[in-house]
Amino acid sequence: MEDNRLTEQLIQMHFDHLKELYRLSDAVIAQGEDGVLLCLYRVNRSMLPGEIMARMGLTTGRVANILRRLEEKGLVLRLQDADDRRRVHVSLTDAGVEAAKALHRDFTRRQAALLGYLGDEDAREALRLLGRCLNYYQTH
């Protein structure tokens, strides 16, 4: 494999197309408040803040701030565990479910548009390669 040449090409692509990479990231990754709403919507159950933190790769403080804002907006509810008052369960309110559904529809539309642009064969290959990249970062 041409390690040095390919590595340099990847680095150059990063610097030449940083704006587009951020746009791609926005198209395929939900972050912040939207990400938390989608996370709760997709798992379809209440979650502990630590679960959200681990699943999304966020810090404790970031999750706390996001949950506070979502609670202020009436989109999530935080309830203390009946058996262990130190534990808090986070769930979507009815308004949160509706907001998450709208986000999910938009997120799905953006994903489908990207895959449609690639076409079936390239989309399958892109997903295969993305899976391999994710596996690399999970194991290294």
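**Contacts, a pocket and some spacings**

Colleague: Starting with E51, what does that residue count as at its relative accessibility?

Modeller: E51 counts as partly exposed, at 28% relative accessibility. Buried means under 20% relative accessible area, exposed means over 50%, and partly exposed is in between, with a 1.4 Å probe and protein chains only.

Colleague: Before I go on, what sort of model is this?

Modeller: This is a predicted model, where local features need pLDDT of at least 70 and side-chain atom pairs count only at pLDDT 80 or more, while totals for chains, interfaces and linings use all residues. Residues are numbered from 1 along each chain as its sequence is written, and side-chain values use heavy atoms, with hydrogens and water left out.

Colleague: Back to E51. Which side chain does the E51 side chain meet in a salt bridge?

Modeller: The partner of E51 is R45, at 3.0 Å from N to O. A salt bridge here is a side-chain nitrogen of Lys or Arg within 4 Å of a carboxyl oxygen of Asp or Glu. R45 is also partly exposed, its relative accessible area being 40%.

Colleague: How many salt bridges does the count come to by this rule?

Modeller: The count is 11. One of them joins E33 to R69, with the closest N and O atoms 2.6 Å apart. E33 lies in helix α3 and R69 in helix α5 (residues 60-72), so this pair ties together parts that are 36 residues apart in sequence. Helices are DSSP runs (H or I, at least four residues), numbered from the N terminus.

Colleague: And E33, buried or exposed?

Modeller: E33 is buried, with a relative accessible area of 17%. Its partner R69 counts as partly exposed, at 24% relative accessibility.

Colleague: What does E125 form a salt bridge with?

Modeller: E125 pairs with R128, and the closest N and O atoms are 2.7 Å apart. Both residues are in helix α6, and because they are 3 residues apart there, about one helical turn separates them.

Colleague: What do E125 and R128 come out as for accessibility?

Modeller: E125 counts as partly exposed at 36% relative accessibility, and R128 is partly exposed with a relative accessible area of 41%.

Colleague: Which residues do salt bridges that share partners join into one network?

Modeller: That network takes in E33, R69 and K73. Two of these are the E33 and R69 that we had as a pair spanning α3 and α5.

Colleague: Change of topic. How much space lies in the second largest pocket?

Modeller: About 360 Å³. The residues closest to the centre of that pocket are A30, L38, C39, R42 and F107, out of 14 that line it. On a 1 Å grid over the protein atoms alone, a pocket is an open set of points with protein on both sides within 12 Å along at least five of seven lines, and lining residues have an atom within 4 Å of a point. Grid points are joined across faces, edges and corners, and a volume is the space filled by probe spheres set on the points.

Colleague: Which elements give two or more residues to that lining?

Modeller: They are α3 (32-43), α4 (49-56) and α6 (94-139). Helix α3 gives the largest share, with 5 residues.

Colleague: What about N44, where is its place?

Modeller: N44 sits in the loop between α3 and α4. It is exposed, with a relative accessible area of 67%. N44 has a positive phi of about 60 degrees, although it is not a glycine.

Colleague: How far apart are N44 and S91 in sequence and in space?

Modeller: They are 47 residues apart in sequence, and 8.8 Å apart in space from C-alpha to C-alpha.

Colleague: And L118 and D94, how far apart are they?

Modeller: L118 and D94 are 24 residues apart in sequence and 36 Å apart in space, C-alpha to C-alpha. L118 has its place in helix α6 and is partly exposed, with 28% relative accessible area.

Colleague: One last residue. Where is Q31 found?

Modeller: Q31 is in the loop between α2 (18-28) and α3. Q31 is partly exposed, with a relative accessible area of 47%. From Q31 to L118 the separation is 87 residues in sequence and 24 Å in space, C-alpha to C-alpha.

Methods
On a 1 Å grid over the protein atoms alone, a cavity is a set of points where a 1.4 Å probe fits but cannot get out, and a pocket is an open set with protein on both sides within 12 Å along at least five of seven lines; lining residues have an atom within 4 Å of a point.
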